[in-house]
Amino acid sequence: MTSLKDLAEVNSKEYVRWQSIKRGKARISAEEIEQLGKLYPSYRWWLMTGDVMPDKGQTSPDYDEANRNLISPNVG
């Protein structure tokens with residue numbers, strides 16, 4: 001959902017780090033999860049725990065997509 005440019009300045013050390021994470025060559029750290037949580041506050045709980053709390057406004061990209069599809073009149 002986010003471009004690498006949104007996470008770090010192009011060709012910076014951080015940019016290269018995000019590229020490695022995206023390509024599966026590095027594991028994401030707690031600090032990077034916090035950074036994503038700031039960009040996507042509604043996904044913060046999911047990023048940290050893997051769980052969603054829709055009643056608290058905390059969802060995940062998969063949850064949001066599934067919910068959109070359930071609401072669509074032409075689904076199914």
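The following questions and answers walk through a predicted model of one protein chain.

Student: How many helices and how many strands does the protein chain have?
Tutor: Read the elements from the N terminus on: they run α-α-α-α-α. No strand appears in the count. The totals are five helices and zero strands.

Student: What radius of gyration does the protein chain have, set against a compact globule of 76 residues?
Tutor: Start with the extent of the C-alpha trace. Along its principal axes it spans about 45 × 25 × 20 Å. A compact globule of 76 residues would come out near 11 Å. The protein chain has 15 Å.

Student: What share of the residues count as buried?
Tutor: Buried here means under 20% relative accessible area. The protein chain exposes about 6000 Å², and carbon and sulfur atoms supply 50% of that area. Of its 76 residues, the share that counts as buried is 18%.

Student: Among contacts between residues at least 6 apart in sequence, what share join residues at least 24 apart?
Tutor: A contact needs heavy atoms within 4.5 Å. Take the contacts in the protein chain between residues at least 6 apart in sequence. The share joining residues at least 24 apart is 14%.

Student: How far apart are the centres of the positive and negative side chains?
Tutor: Count the charges before placing them. There are 11 positive and 11 negative side chains. The centres of the two sets lie apart by 6 Å.

Student: Why do the buried residues of H3 lie on the same side of the helix?
Tutor: Helix H3 covers residues 30–39, and its buried residues are Glu32, Leu36 and Gly37. They are on the same side of H3 because they cover only a limited arc around the axis: 145°.

Student: Which exposed residues sit on the face of H3 turned away from its buried side?
Tutor: First fix the buried side. Its cover includes helix H1 (4–7), helix H2 (13–22) and helix H4 (44–49). The face turned away from it carries exposed Ala30, Glu31 and Lys38.

Student: Which helices are included in what covers the buried residues of H2?
Tutor: In H2, the buried residues are Tyr15, Trp18 and Ile21. They cover an arc of only 120° around the axis, so they are on the same side of H2. An α-helix has 3.6 residues a turn, so residues three or four places apart point the same way. The cover of the buried residues of H2 includes H1 and H3.

Student: Which residue with a positive phi follows H2?
Tutor: Look just past the end of H2. The phi there is near 80°. The residue is Gly24.

Methods:
Residues numbered from 1 in each chain as written. Predicted model: local features only at pLDDT ≥ 70, side-chain atom pairs only at ≥ 80, totals over all residues. Heavy atoms only, no water. Helix = DSSP H or I, 4+ residues; strand = E, 2+ residues; numbered from the N terminus. Rg over C-alpha atoms; globule rule 2.2 N^0.38 Å. Buried < 20%, exposed > 50% of the residue type's maximum accessible area, 1.4 Å probe, protein only. Areas by Shrake-Rupley, 256 points an atom, 1.4 Å probe, with all protein chains shown as cover. Lys, Arg positive; Asp, Glu negative; His and termini not counted. Charge placed at Lys NZ, Arg CZ, Asp CG, Glu CD. Arc of directions from axis to C-beta.
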